[in-house]
Amino acid sequence: MNIEDPRPRLLKLSVLIMLMLTLLPTIFVPMFVAQSGYFTLLGSINVLMFSGLYLVVSTQQPKHWHRFLVLLLGLLALLPLIFISGGVNSQFAPLLPLLPVFIALLSSTRDAQFLCAFIVLFILGLLYFQDDFVDLTSEQVSINKSRARAIWLVLATLLGTAFGWAFNGTNKELRSELTKRAYQDELTGVKNRRNILEVLQSKIYNPDKNQTLAILMIDVDFFKKINDTYGHLFGDTCLQQVAACIADSIREESDHVSRYGGEEFLVILTGIKPQQALKIANSIRENIASLRVKTPQNEVLEMTATIGCHYTNFSQVNTVEELIHEADSALYQGKQTGRNKVVSSLEQIS
Ligand SMILES: Nc1nc2c(ncn2[C@@H]2O[C@H](COP(=O)(O)OP(=O)(O)OP(=O)(O)O)[C@@H](O)[C@H]2O)c(=O)[nH]1
């Protein structure tokens, strides 16, 4: 359960930006500036590469290797242009520090770090072998100026990578906080209603149809009276204790507990036999009944809960609503017939 990953959308947008960044200068720059035909040739090849890439990322489901393709084509587009236009003095060289930022946002911090190391070595190599390249711009630049530009390019690349790194760290924290808030009940820390409904939904629509399940709808008895007598804050403390008590009574690996709303909790027990389900339901009821909560007046409060239990098999379930309705009906029956009991669709006990 996770918030949607924005990177596939970012990837598509980035490829579109790269396409525009190659298409527009290839068309318009020759209209205003006299330059070698090689630039137009390389520009046209880049336009073709990015058009193809845009087609791939916009027509296919996002795949991990798309990000590497973007990285590879980005380098293939940029490096030859830099080679023929003056190395570290090229007008394209300032685009190099942007690449690790792009890759950090589109792929991962680790990929950005690798790319950063590659670009730094590339810049140093450009400076070292400066005189061995053909510079089609024929611009004369002193060695001191070239060194200064190389230093600034290296610094900008390192800073760009550090920015991507920091951004990804913060983004990861925010996303996990957002996921937690979206799926966890703030008061009790157990799953919230949305979360448990998604768990049920996924179990109904995914295979393993022969798996059995029991749905327990648990409602604290006379909770309004607790609130009215001791106040809402104390009521909240009681709900926290009940939630913890239910969580302690179920099997961590196969069962789920949620606060369905107000003083109502929904529990899912999976891959379980009917008698086991009733045993767990009953132990939850007994454990809640044995809770002792100290009131603000230093009294000791005892609580009870009524539990509606519906037992079935995923092959017999069509909708989540149908399941909830069955457990709700059993709970209603329990409330009508005295509370502090488990009422099951299989049999009634205690
Ligand atoms: N403290 C607290 N109270 C809540 C919360 N959500 C719902 N309630 C209260 O829970 C009470 C539910 O009352 P009722 O639905 O009448 O049920 P009940 O008093 O438990 O009676 P039965 O369910 O019939 O046994 C109401 O007073 C709500 O205000 C919450 O988050 N905190």
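**Exercise 1. Find the reach of helix H2 and compare it with the expected value.**

Solution. Helix H2 covers residues 37–59, which makes 23 residues. From its first C-alpha to its last it reaches 33 Å. At 1.5 Å a residue, 33 Å is expected, so the two values are close. Keep in mind that this is a predicted model.

**Exercise 2. List the buried residues of H2 and name the helices they pack against.**

Solution. Start with the residues. Phe39, Leu42, Gly43, Asn46, Val47, Phe50, Leu53 and Val57 are the buried residues of H2. Next, look for their partners. These buried residues pack against helix H1 (7–32) and helix H3 (64–84).

**Exercise 3. State which residues UniProt lists as "transmembrane region", then check the secondary structure of residues 38–57 and 112–129.**

Solution. Take the record first. The unreviewed UniProt entry lists residues 12–32, 38–57, 69–92, 112–129 and 150–167 under this name. Now turn to the model. Residues 38–57 are 100% helix and 0% strand. The end C-alpha atoms of residues 38–57 lie 28 Å apart. Residues 112–129 are 94% helix and 0% strand. For residues 112–129, the end C-alpha atoms are 25 Å apart.

**Exercise 4. Decide whether the protein is a compact globule or more spread out.**

Solution. Count the elements: the protein has eleven helices and eight strands. Then compare two values. The radius of gyration is 32 Å, while the globule rule gives 20 Å for 350 residues. The value of 32 Å is well over 20 Å, so the protein is more spread out than a compact globule. The box filled by the C-alpha atoms, taken along the principal axes, is roughly 95 × 50 × 30 Å. As for burial, 32% of the 350 residues count as buried. Last come the contacts with a separation of 6 or more: 71% of them join residues 24 or more positions apart.

**Exercise 5. Describe the shell around the ligand: how many residues, which elements and which classes?**

Solution. The ligand is surrounded by 17 residues. The closest are Asp221, Phe223, Lys224, Gly235 and Gly262. Strand E1 (212–220), helix H8 (223–230) and helix H9 (232–249) are the elements that give two or more residues to this shell. By class, the shell has eight charged, five nonpolar and four polar residues.

**Exercise 6. Locate phenylalanine 222 and asparagine 298, and give the phi and exposure of each.**

Solution. Phenylalanine 222 lies in the loop between E1 and H8. Its phi is positive, about 45°, although phenylalanine 222 is not a glycine. It has 13 other C-beta atoms within 10 Å. Exposed needs 12 or fewer and buried 20 or more, so phenylalanine 222 is partly exposed.

Asparagine 298 lies in the loop between strand E4 (293–294) and strand E5 (300–301). Its phi is also positive, near 65°. With 6 C-beta neighbours inside 10 Å, asparagine 298 counts as exposed.

**Exercise 7. Work out the surroundings of valine 320.**

Solution. Place the residue first: valine 320 is in helix H11 (residues 320–336). With 18 other C-beta atoms within 10 Å, valine 320 is partly exposed. Now find its contacts, leaving out residues up to four places away in sequence. Valine 320 touches Leu197, Leu200, Gln201 and Ile204. Finally, take serine 202, which is 118 residues from valine 320 along the chain. Their C-alpha atoms are separated by 9.9 Å.

Terms used:
Residues are numbered from 1 along each chain as its sequence is written. This is a predicted model: local features need pLDDT of at least 70, side-chain atom pairs count only at pLDDT 80 or more; totals for chains, interfaces and linings use all residues. UniProt positions are given in the numbering used here, feature names are shortened, and annotations may be inferred rather than shown by experiment. Helices (H or I, at least four residues) and strands (E, at least two) are DSSP runs, numbered from the N terminus. The radius of gyration is taken over C-alpha atoms; the globule rule is 2.2 Å times the number of residues to the power 0.38. Two residues are in contact if their C-beta atoms, placed from the backbone, lie within 7 Å. A residue is near a molecule or strand if its C-beta atom, placed from the backbone, lies within 6 Å of it. Ala, Val, Leu, Ile, Met, Phe, Trp, Tyr, Cys and Pro count as nonpolar, Asp, Glu, Lys and Arg as charged, and the others, Gly among them, as polar.
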